[in-house]
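Here are some notes for a first reading of this structure. Please go through them with the model open.

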Amino acid sequence: MSTEIRPFRIDIPQADLDDLTDRLARARWTRQLPGEGWSRGVPTAYLKELADHWRTGFDWRRQEARINEFPQFMTEIDGIDSHFLHIRSPEPDALPLLLTHGWPNSFVEFLDIIGHLTDPRAHGADPAQAFHVVIPSPPGFGFSGPPPVTGWNVARVGSMWAELMRRLGYERYGVQGGDLGAYIAPAVAKAAPDHVAGVYVIGGLGFPTEADVPEMNEEERAAFAFLQSQDWMSGVDHHRLLRAAPQTFAHAWHDSPVGALAWMVQKFNEFSMADKLPDEILDRDLLLTNLTLYWLTDTFGSSSWPMYESTEFVWPEGQKAVPTGVYSGPPGIRRLAERHNTITHWPEGNPGSHHFVAMELPGSVAADLRVFFGPLRG
């Protein structure tokens, strides 16, 4: 196995972009079904307007150039060509920090937070709290190769990330993750407990299930009821869908950009806790950059391995090898989270209305990362 780290630069063929534009221009639009708002799914009028912006207003080359401003690399780990961004801080004593994104997101999730983390001085924060940042794309996401066999799991990815940090020469580092990353980040600590300073997750730890209800107090039952009422809990069950027939749906998403846009917008809308449209909470072009990356890399199917390799949905459990912090505690219940984690940071008032809060409020997430890792830098 080669351990070489190779520079990487995005350079999408113009023919691929022209094909995308052509397909959008020739879209067949379905009629609007009866029902109010999003009660039947993504409204046709909303989708038409967003697709028109994707075709005529969105500039992939501009986004590609922006991404290429960050140092990118490829290296083979566990038989997979793995893509990652590696941005070193100007502060020499910065703590290395590995960020893992969620589904259906990509490394695009972290583009706006990089500067806050690597150069806090430029953002009015303490330069002693800087980070060197490493952002890998999990197998099957973005420019990373897909799992070549069945049976891939987060433990295997955790070992891959530990190997990546070893190759980069980092002896001690922090790890962060949200959504899928909330499963992978603890797996890194389990794989390399002597090298991980702490694990930070956006949320998901201590989320109650039906099995926990009998031992709950009144306040905890209210948190459980709130959790059950959210769109991201009661909307389209992508875990069940992608366990059942990921290949079937991948055919459609990879052939129709409008179909792919509808699916992605459906999920980003369900992942919101605010009564706003996805592109009213998150930057519209950032959303489309993420979607275009999926389209250009044919990863609608390959990125769904966490679902199709599972038998049922379970909340991330965490680990007790190193300290754990979260960005958003509730509606998770700290008592439940502490069964499997040594919680040292559990704020209840951090701002944010979207599941992918690093895209929504990068400055707030960066500030909280500095708080959690501050005592762990020594």
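How many nonpolar, polar and charged residues does the lining of the largest cavity have? Bear in mind throughout that the model is predicted.

1. **Class count.** The lining of the largest cavity has 9 nonpolar residues and 1 charged residue. Polar residues are absent from this lining.

2. **The largest cavity, residue by residue.** The space inside is about 90 Å³. Leucines in its lining are Leu50, Leu261, Leu287, Leu288 and Leu291. Met264, Val265, Phe268, Pro278 and Arg284 also line the largest cavity. The charged residue of the count is Arg284.

3. **Helices around the largest cavity.** Two helices to look at are helix 11 and helix 13, the latter spanning 284–297. Each of them supplies at least two residues of the lining.

4. **The second largest cavity.** A search of the whole structure gives 2 cavities of 30 Å³ or more. The second largest has a volume of about 50 Å³. Trp103, Trp253 and Trp263 are among the residues that line it. Pro104, Leu242, Met264, Tyr294, Phe300 and Ser303 line the second largest cavity too. By class, this lining has 8 nonpolar residues, 1 polar and no charged. The polar one is Ser303. Note Met264: this residue lines the largest cavity and also the second largest cavity.

5. **The second largest pocket.** Now turn to an open space. The second largest pocket holds about 430 Å³. Its lining has 20 residues, and the closest to the pocket centre are Thr30, Val42, Thr44, Leu47 and Ala262. The lining divides into 10 nonpolar, 7 polar and 3 charged residues.

6. **Helices at the pocket.** Helix 2 (44–56) and helix 11 (257–270) each supply at least two residues of the lining of the second largest pocket. Which helix gives the most? Helix 11 does, with 5 residues. Helix 11 also supplies at least two residues of the lining of the largest cavity.

7. **His239.** This residue sits in helix 9, which covers residues 238–244. Is His239 buried or exposed? His239 is buried, because its relative accessible area is 19% and the cut-off for buried is under 20%.

8. **What His239 touches.** The His239 side chain makes a polar contact with the side chain of His238, at 3.4 Å. Leaving aside neighbours within four places in sequence, His239 is in contact with Met307 and Phe313.

Definitions and conventions: Residues are numbered from 1 along each chain as its sequence is written. This is a predicted model: local features need pLDDT of at least 70, side-chain atom pairs count only at pLDDT 80 or more; totals for chains, interfaces and linings use all residues. Side-chain values use heavy atoms; hydrogens and water are left out. On a 1 Å grid over the protein atoms alone, a cavity is a set of points where a 1.4 Å probe fits but cannot get out, and a pocket is an open set with protein on both sides within 12 Å along at least five of seven lines; lining residues have an atom within 4 Å of a point. Grid points are joined across faces, edges and corners, and a volume is the space filled by probe spheres set on the points. Helices (H or I, at least four residues) and strands (E, at least two) are DSSP runs, numbered from the N terminus. Buried means under 20% relative accessible area, exposed over 50%, partly exposed in between (1.4 Å probe, protein chains only). A polar contact is a pair of N or O atoms within 3.5 Å; within protein, one must be able to donate a hydrogen and the other to accept it, and residues adjacent in sequence count only if both atoms are side-chain atoms. Contact means heavy atoms within 4.5 Å.
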